[in-house]
Amino acid sequence: MSQTKPGSFVIAEDGVDPRTVPQRTLWTGASMPAIGLGTFGSDRFAAEDIAAAVIGAAEVGYRHFDCAKVYANEASIGASLETIIAGGVPRQELWVTSKLWNDKHAPADVIPTFKESLRDLRLDYLDLYLIHWPFPNHHAQGVDVTSRAHDAKPYIHEDFMATWRELEKLVDQGLVRHIGTSNMTIPKLKLLLRDARIRPACNEMELHPCFQQPELFKFVMDNGIVPIGFAPIGSPTRPERDKTPDDAVDIEEPAIVAVAKRLGVHPATVCVKWAVQRGQVPIPMSIYRNEYLSNLRSTVSSPLTDAEMDAISHADRNSRLIKGQVFLWKEGQTWEDLWDLDGNIAQ
Ligand SMILES: NC(=O)c1ccc[n+]([C@@H]2O[C@H](COP(=O)([O-])OP(=O)(O)OC[C@H]3O[C@@H](n4cnc5c(N)ncnc54)[C@H](OP(=O)(O)O)[C@@H]3O)[C@@H](O)[C@H]2O)c1
């Protein structure tokens with residue numbers, strides 16, 4: 001499978017015209033491409049691989065990149081963004097997201113940490129800045145799911161709002177156009193919507209055919225928050241430590257496989273296509289040109305039929321893959337405690 005070499009930028013003849021890619025409108029009136037490229041290399045890919053994929057993806061028509069400080073590759077991606085802009089793509093046609101990691105929720109840390117991402121990405125503003133998780137409980141990348149921060153805490157709304165106020169200042173200063181959340185629940189979002197001076201524009205959440213989160217999805221849509229869907233293909237290559245025997249496999253789901261057979265495509269692209277048609281913004285990750293190109297193409301081809309959309313709606317297995325065990329704060333808890341399943345914020 002081919003990968004792009006970093007350093008040059010040439011619009012691909014076999015790419016997708018970015019003007020034809022579906023867009024979502026945010027509460028500010030701005031629009032964002034309804035598909036982005038994920039940039040988390042996990043244990044598998046080096047920063048340079050991801051940075052090369054960012055250029056290759058822009059060459060085939062991607063304009064939206066989902067980054068994060070904790071992915072430890074923003075400096076490499078910044079060089080790619082510089083190449084893309086120098087290659088003729090106006091900055092305003094790009095959508096670049098970054099995220100604040102859990103060890104930097106303290107108000108004094110937020111703006112300096114944001115500025116590091118901005119500098120690394122070689123930009124003078126970001127389109128979207130998210131609080132990556134609602135918990136400040138730090139853990140190093142790649143640790144086992146049994147790892148816990150020694151000072152781990154539950155969600156404390158006053159603390160979260162103190163962090164949010166710093167994000168609001170970044171909007172006031174013109175350094176970021178939109179702010180948002182990730183891995184939130186309905187009760188947490190209700191409090192944020194009650195207390196925010198500047199509303200969240202997006203909530204990044206796990207979304208794939210076997211984990212559709214219908215209630216949270218409806219809640220964010222009803223409140224004018226755009227859902228960005230991570231692990232849209234069901235993250236088939238996630239590390240073993242993040243797998244449990246009961247996890248569903250989206251690309252083997254019969255409703256997905258049936259569509260893939262009809263269209264003669266890989267089931268992964270059906271997951272992406274379904275996501276865009278349902279109304280979320282998937283951010284599939286791949287460093288391979290044939291994969292990221294076919295994911296993008298799936299967003300501009302003829303829609304799935306009503307019967308196919310209906311069949312996929314029944315593929316939901318409530319199968320959360322990114323369970324978040326490392327955020328737990330006291331003995332005897334299970335990962336379900338992180339997700340406020342009874343409608344109350346767990347303490
Ligand atoms: N906010 C958060 O807390 C959070 C959490 C997790 C992820 N994310 C974001 O979401 C992004 C996506 O999540 P993810 O990478 O875990 O999962 P994913 O996008 O569901 O799955 C990625 C894997 O799917 C395979 N794939 C992609 N396109 C394919 C295609 N067309 N055909 C066949 N296989 C294909 C690739 O495997 P191969 O590499 O083997 O080809 C790739 O490694 C991340 O990169 C990150 O930006 C955010």
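**Figure 1. The whole chain has the radius of gyration that a compact globule would show.** With 347 residues, a compact globule would come out near 20 Å, and the protein chain, at 19 Å, agrees with this. Please keep in mind throughout that this is a predicted model. Along the principal axes, the C-alpha atoms occupy a box of roughly 50 × 45 × 35 Å. Within it, the protein chain forms 10 helices and 10 strands. Buried residues make up 45% of the 347. Among contacts with a separation of 6 or more, 76% link residues that lie 24 or more positions apart.

**Figure 2. Strand S7 sits mostly covered, with S6 paired to it.** This view follows S7, residues 176-182, where six of the seven residues are buried. Strand S6, residues 126-131, runs parallel to S7 and is joined to it by five bridges. If you would like a landmark, look for Leu126, whose bridge partner in S7 is Val176. To get from S6 to S7, the chain passes through helix H4, residues 157-172, in a right-handed β-α-β crossover.

**Figure 3. Strand S7 also pairs with S8.** Here three bridges connect S7 to strand S8, residues 202-206, and the two run parallel. Ser182 makes a handy starting point, with Glu204 as its bridge partner in S8. Between S7 and S8 the chain travels through helix H5, residues 186-195, and this β-α-β crossover is right-handed.

**Figure 4. A shell of 29 residues surrounds the ligand.** Those that come nearest are Gly38, Phe230, Ile233, Ser235 and Met285. Two helices, H8 (267-278) and H9 (289-297), each give two or more residues to this shell. The most generous contributor is H9, with three residues. What is the chemical make-up of the shell around the ligand? Its residues divide into 12 nonpolar, 13 polar and four charged.

**Figure 5. Helix H9 has a buried side that packs against three other elements.** We stay with H9 for this view, the helix that gives three residues to the shell around the ligand. Its buried residues are Arg289, Tyr292, Leu293, Ser294, Asn295 and Leu296. Which elements do the buried residues of H9 pack against? They meet strand S3 (37-38), helix H1 (47-60) and H8. As a reading aid for any helix, an α-helix has 3.6 residues a turn, so residues three or four places apart point the same way.

**Figure 6. Ser42 has a positive phi in the loop between S3 and H1.** Its phi is near 50 degrees, a positive value in a residue other than glycine. You will find Ser42 in the loop that links S3 and H1. Is Ser42 buried, exposed or partly exposed? Ser42 is partly exposed, because 15 other C-beta atoms lie within 10 Å.

**Figure 7. Ala231 has a positive phi and is buried.** Phi of Ala231 is near 50 degrees, again a positive value in a residue other than glycine. Where does Ala231 lie along the chain? Ala231 belongs to the loop between strand S9 (226-230) and helix H7 (254-263). Ala231 counts as buried because 25 C-beta neighbours are inside 10 Å, and a count of 20 or more is what qualifies a residue as buried.

Note on methods:
Residues numbered from 1 in each chain as written. Predicted model: local features only at pLDDT ≥ 70, side-chain atom pairs only at ≥ 80, totals over all residues. Helix = DSSP H or I, 4+ residues; strand = E, 2+ residues; numbered from the N terminus. Rg over C-alpha atoms; globule rule 2.2 N^0.38 Å. Buried ≥ 20, exposed ≤ 12 C-beta atoms within 10 Å, placed from the backbone. Contact = placed C-beta atoms within 7 Å. Near = placed C-beta within 6 Å. Nonpolar A, V, L, I, M, F, W, Y, C, P; charged D, E, K, R; others polar. Pairing = 2+ DSSP bridges. Right-handed = clockwise from strand over helix to strand, strands pointing away.
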